[in-house]
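Hi,

Here's the structure I said I'd pass on. Have a look at it first, then read my notes underneath.

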Amino acid sequence: MIRLESIGICFPEKSQSGNQFIEVLSGINLVLQDASFTVIIGESGCGKTTLLNVIAGFEKPTNGQVSIDGKPILGPGADRGVVFQDDALLPWQSVKENVAFGLQLAGKSKTERDAKSLEYLRLTGLEAFADYPIWKISGGMRQRVGLARALAVDPRFLLLDEPLGALDALTRARMQEHLLQVWKISGKGMLMITHSVEEALFLATDLVLLRARPGRIESIRKLEFGRRFAEGESARSIKSSREFVELREQVLQELLTSDEVMT
Amino acid sequence: MSEQTTEFAFNELLEKTPRKDFIEMPKKNALRSVLTQQLHQLKIWSQRRSDRTYSLITFALLLLVWTVISSLKLVPELFLPSPAAVLRKFIAVADEGFVDATLLAHTCTSVARVLMALLLATATAVPVGIFIGLNRYARATIDPLIDFYRPIPPLAYLPLIVIWFGIGETSKIILIFLAVFAPISIATVQGVLRVDQSRIRATLSLGANRWQLIRYVIIPSATPDILTGVRIGLGVGWSTLVAAELIAATRGLGFMIQSAAQFLVTDVVVMGIIVIALIAFFFESGLRRLQKALVPWEGKI
């Protein structure tokens, strides 16, 4: 379980009247339960990525505490896997080597690395491409390699920073279903950031809506659409169901109002 | 029967062709795609060939102009010897030598000096560059020093080096080393600073410590820039060579050219220049090939 307690973060910003501090996040209280799928949505500049960076340990909060299983988070670590929008893979390694990279860092033997990476390549449907260089596979495949790489070190939580943002619509829809399958099989706690309301509704068990200036939590909704998909309902029937469409309009409306307040 | 042979030919064709498509498709489509690919490859080859043809034409034209000028005696032999004379000199110097050494001896001495300096410079400039790139304080301390001495022409600090290190081999190598060090270290710093932030973060959240990060991510990421630095350094090294061989040398291509210039043996001067150009070109293309082999993903990701 990851717990955030009254997290606030300020960045210095240079302006004409000297150095100023911009409050990016303020008073964030959030609990990420094991095996939950938390999705954060909000307008640009509301501090979504900063929040993920705080949990990943890339940034230190100015106020408040972040902890995982009761231990404070002091920096990045293998208990929180991160998948980035740009895949951040190593081009001099093959698909298999990329997936096994975390195990190599942990000093695992070659046999163990091979076995583990094969397991996760299978989970992400990439076993046929194990020996391909990563610059010869498509963008959607690269994201799956990034996912497999983060999963292979067996983290407690998986943090996904707009992992599908750079993909075309069709690949994106497929990857959403794929993410849900991986989530169901691996049983990891997930935290994902997205700009797409539909994607957020489809995947989330906990949907967090952020407001900007300063970044703060507007609402947390408990959702069931992802579970329904995991239990066998088709993605199209879920996405066209009345509750889904209504909720989508409602969330969109909320996001748009916040935009008007801003301007 | 005929069906079998076409099938066989098709399989053979498929095996010979590097696969670039990963989508499974029916064989008929596959055959078409294989043919398209081969056509495409052919186009790339012929394009490459035509590029090379243009480069060769340039040199052929240059040679032609040179031949015409010298055969019409538009310029005295003393200023511009004919290509034939230069070629004759090449054979003569290769055979009998000039100023007490054969062409091969001169060349080997020069190549050894440049390579020695390049090796020393790479071995020191790369670690220094990585250190500067990773550490703000190191950058603030060392960067100004490099920026300070880099624009000074080697000939300007040559006397000082002779006073400090004498007229032996050391001074020559130090002079070339100093000239080569700056571009390699600057390129390395650039390479380290350019490493993708999310690549670093991804590696840290896979559990890497600082040394693993440097070894597995930062150095390989900076390698393309480092190699570019070495290429530039090699060019600078050859241009400093002649200056280095001003110091009481008894051998070397630069020394040979200068001795020839003092006796107005213009054909040896021209021949020496061409030999240096050819060797530098040979090294440059070797390094370029190495860069391509080490960084095949360049521009594809």
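A quick definition before we start: a salt bridge is a side-chain nitrogen of Lys or Arg within 4 Å of a carboxyl oxygen of Asp or Glu. Keep in mind that this is a predicted model.

Chain A has a nice example: Asp114(A) and Lys110(A) form a salt bridge, with N to O at 3.2 Å. They sit 4 residues apart in helix H4 of chain A, so about one helical turn separates them. Asp114(A) is partly exposed, at 30% relative accessible area.

Now compare Arg221(A) and Glu254(A), whose closest N and O atoms are 2.7 Å apart in another salt bridge. This one links distant parts of the chain, as Arg221(A) is in strand S10 and Glu254(A) is in helix H10, 33 residues apart. Arg221(A) is buried at 15% relative accessibility, and Glu254(A) is buried too, at 18%. There's also a salt-bridge network made of Glu198(A), Lys239(A), Arg248(A) and Glu249(A). Over all chains, the structure holds 22 salt bridges.

So how many salt bridges are there between chain B and chain A? The count is 0, though 3 residue pairs are in polar contact there. On the side of chain B that touches chain A, helices H8 and H9 each supply at least two residues, and H8(B) gives the largest share, with 6 residues. The two chains bury about 2300 Å² between them, 70% of it from carbon and sulfur atoms.

Last thing: chain B has a nonpolar surface patch of about 1100 Å², and Leu78(B) is one of its residues. Leu78(B) lies in the loop between helices H2 and H3 of chain B.

Cheers!

Note on methods
Residues are numbered from 1 along each chain as its sequence is written. Chains are lettered from A and ligands numbered from 1 in the order in which they are written. This is a predicted model: local features need pLDDT of at least 70, side-chain atom pairs count only at pLDDT 80 or more; totals for chains, interfaces and linings use all residues. Side-chain values use heavy atoms; hydrogens and water are left out. Patches are made of residues with over 30% relative accessible area and no salt bridge: like charges are joined within 9 Å, nonpolar side chains (Val, Leu, Ile, Met, Phe, Trp, Tyr) within 5 Å. Accessible areas come from the Shrake-Rupley method with a 1.4 Å probe; for residues, only the protein chains shown count as cover. Buried area is the accessible area (1.4 Å probe) that two parts lose on being put together, summed over both. A polar contact is a pair of N or O atoms within 3.5 Å; within protein, one must be able to donate a hydrogen and the other to accept it, and residues adjacent in sequence count only if both atoms are side-chain atoms. Buried means under 20% relative accessible area, exposed over 50%, partly exposed in between (1.4 Å probe, protein chains only).
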